[in-house]
Amino acid sequence: MVTRDEDRSWRRWYQSARWQRLRLEVLTDALWTCCKTGRMLTGEHPEPHSAVVDHIRPHNGDPDLFWDRDNLQAVTKEWHDSIKQARERADKAAAIHPKWLKPSLVPLTIVCGPACSGKTTWAQEQASPSDLIIDLDRIAADISGEPLHGWSRERWLNAALWRRNNMLGDLSRKSDHPAAWLIVSEPKARHREWWAQTLKPERIVVLEVDEPECMRRAEAEGRDLNATEATVTRWWAEYDRRIGDERP
């Protein structure tokens, strides 16, 4: 019988002297700091904060992607394993509104708005460097290695939702993050009310950026204009205000 490791001969590459040299180069260039969490990579394997050199785009045995220095990043084992787990769950349906979530113990702001309204940018401007920003696009890009606004929803949506939902679940426990920010579009007031009742955020902010401005930003960012226009138009068609939401 052919074993899993024998079937994937590329696994031997990780044992080579060439990989060990490349791994050390990546970790040294990163100053032994996780590029995703900012934590020092001081743990001994398999501790959560031990060092892993991760492939940004999954290589799946492609030697060009495996050995590409620009396709490598230094991360903690904890972060790496969470992304790996999400990839393995990509074929399993994940909930958009998980019923098992509990109220956040971390001060939480939920930021809503149409595509290209600047939700993540606004959150980054308000957040401190130690805050946690939970953004499905960022998560999907991390998992897939595909562009931030060009990842395949058909292939990666479930994996990204699994990872996002796990991050939301972690908010109900003690955290090193002083605050958290959740990015969701949620045009419907009843859905924003669901998040309010489920996670008990400190506030929900809605960026009411009109369609022409969203499209201007989409063009400047080089996004797919037809897809963006359809998404923005649908958001505004479904949008209704909710008492308690903030509109900066």
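**Loops, helices and cores**

At 63% relative accessibility, Leu-31 counts as exposed, where exposed means over 50% relative accessible area, buried means under 20%, and partly exposed is in between (1.4 Å probe, protein chains only). The model is a predicted one, in which local features need pLDDT of at least 70 and side-chain atom pairs count only at pLDDT 80 or more, while totals for chains, interfaces and linings use all residues. Residues are numbered from 1 along each chain as its sequence is written, and side-chain values use heavy atoms, with hydrogens and water left out.

Leu-31 sits in the loop between H2 and E1. Helices (H or I, at least four residues) and strands (E, at least two) are DSSP runs, numbered from the N terminus. Most residues other than glycine have a negative phi, and most peptide bonds are trans. Leu-31, though not a glycine, has a positive phi, near 60 degrees. Trp-32 does much the same thing, with a positive phi of about 55 degrees. Trp-32 is in the loop between H2 and E1 too, but is partly exposed, at 33% relative accessible area. That loop, running between helix H2 (17-29) and strand E1 (51-55), also holds Pro-46. Here His-45 and Pro-46 are joined by a cis peptide bond, with omega at about 10 degrees.

On to strand E1, which is home to Val-52. With a relative accessibility of 15%, Val-52 counts as buried. Leaving out residues up to four places away in sequence, Val-52 touches Gln-73, Ala-74, Val-75, Thr-76, Lys-77 and His-80; contact here means heavy atoms within 4.5 Å. Pro-178 is 126 residues from Val-52 along the chain, and their C-alpha atoms are separated by 26 Å. Asp-70 belongs to the loop between helix H3 (63-67) and strand E2 (72-76), and counts as exposed at 69% relative accessibility. From Asp-70 to Ser-144 it is 74 residues in sequence and 15 Å in space, C-alpha to C-alpha.

Helix H7 comes next. At 1.5 Å a residue, the 18 residues of H7 (residues 153-170) should span 26 Å, and the end C-alpha atoms are 24 Å apart, which agrees; the expected span is 1.5 Å times one less than the number of residues. Among the buried residues of H7 are Trp-156, Ala-160, Arg-164 and Leu-168. An α-helix has 3.6 residues a turn, so residues three or four places apart point the same way. The buried residues of H7 pack against helix H4 (77-88), strand E4 (132-135), helix H6 (136-144), strand E5 (180-183) and helix H8 (189-199).

Two packed helices are described by the angle between their axes and the distance between the axes. For H6 and H7, the angle is about 115 degrees and the axes are 9 Å apart; axes are lines fitted to C-alpha atoms, for helices over the stretch in contact, and angles run from 0 to 180 degrees between N-to-C directions. On the H6 side, Leu-136, Ile-139, Ala-140, Ile-143 and Ser-144 meet H7 residues including Trp-156, Leu-157, Arg-163 and Met-167. Sorted by class, this contact has ten nonpolar, one polar and two charged residues; Ala, Val, Leu, Ile, Met, Phe, Trp, Tyr, Cys and Pro count as nonpolar, Asp, Glu, Lys and Arg as charged, and the others, Gly among them, as polar.

In soluble globular proteins, nonpolar side chains tend to be buried together. The largest nonpolar core in this model has 48 residues, and those with the most contacts inside it are Ile-110, Ile-134, Leu-168, Leu-171, Leu-182 and Trp-195. H7 gives the most to this core, with six residues. A nonpolar core is a set of buried Ala, Val, Leu, Ile, Met, Phe, Trp, Tyr and Cys residues joined through side-chain atoms within 4.5 Å. Setting aside neighbours within four places in sequence, Ile-110 is in contact with Leu-182, Val-184, Trp-195, Pro-201, Arg-203, Ile-204 and Val-205. There is also a second, separate core of 16 residues, which includes Val-111, Trp-122, Ile-133 and Val-209.

Trp-195 is one of the buried residues of H8. The buried residues of H8 pack against strand E3 (108-112), H7, E5 and strand E6 (203-206). Right after H8 comes Lys-200, with a positive phi near 55 degrees.

Finally, Ala-218 lies in helix H9 (residues 211-220) and is buried, at 0% relative accessible area. Cys-116 is 102 residues from Ala-218 along the chain, yet their C-alpha atoms are separated by 6.1 Å.
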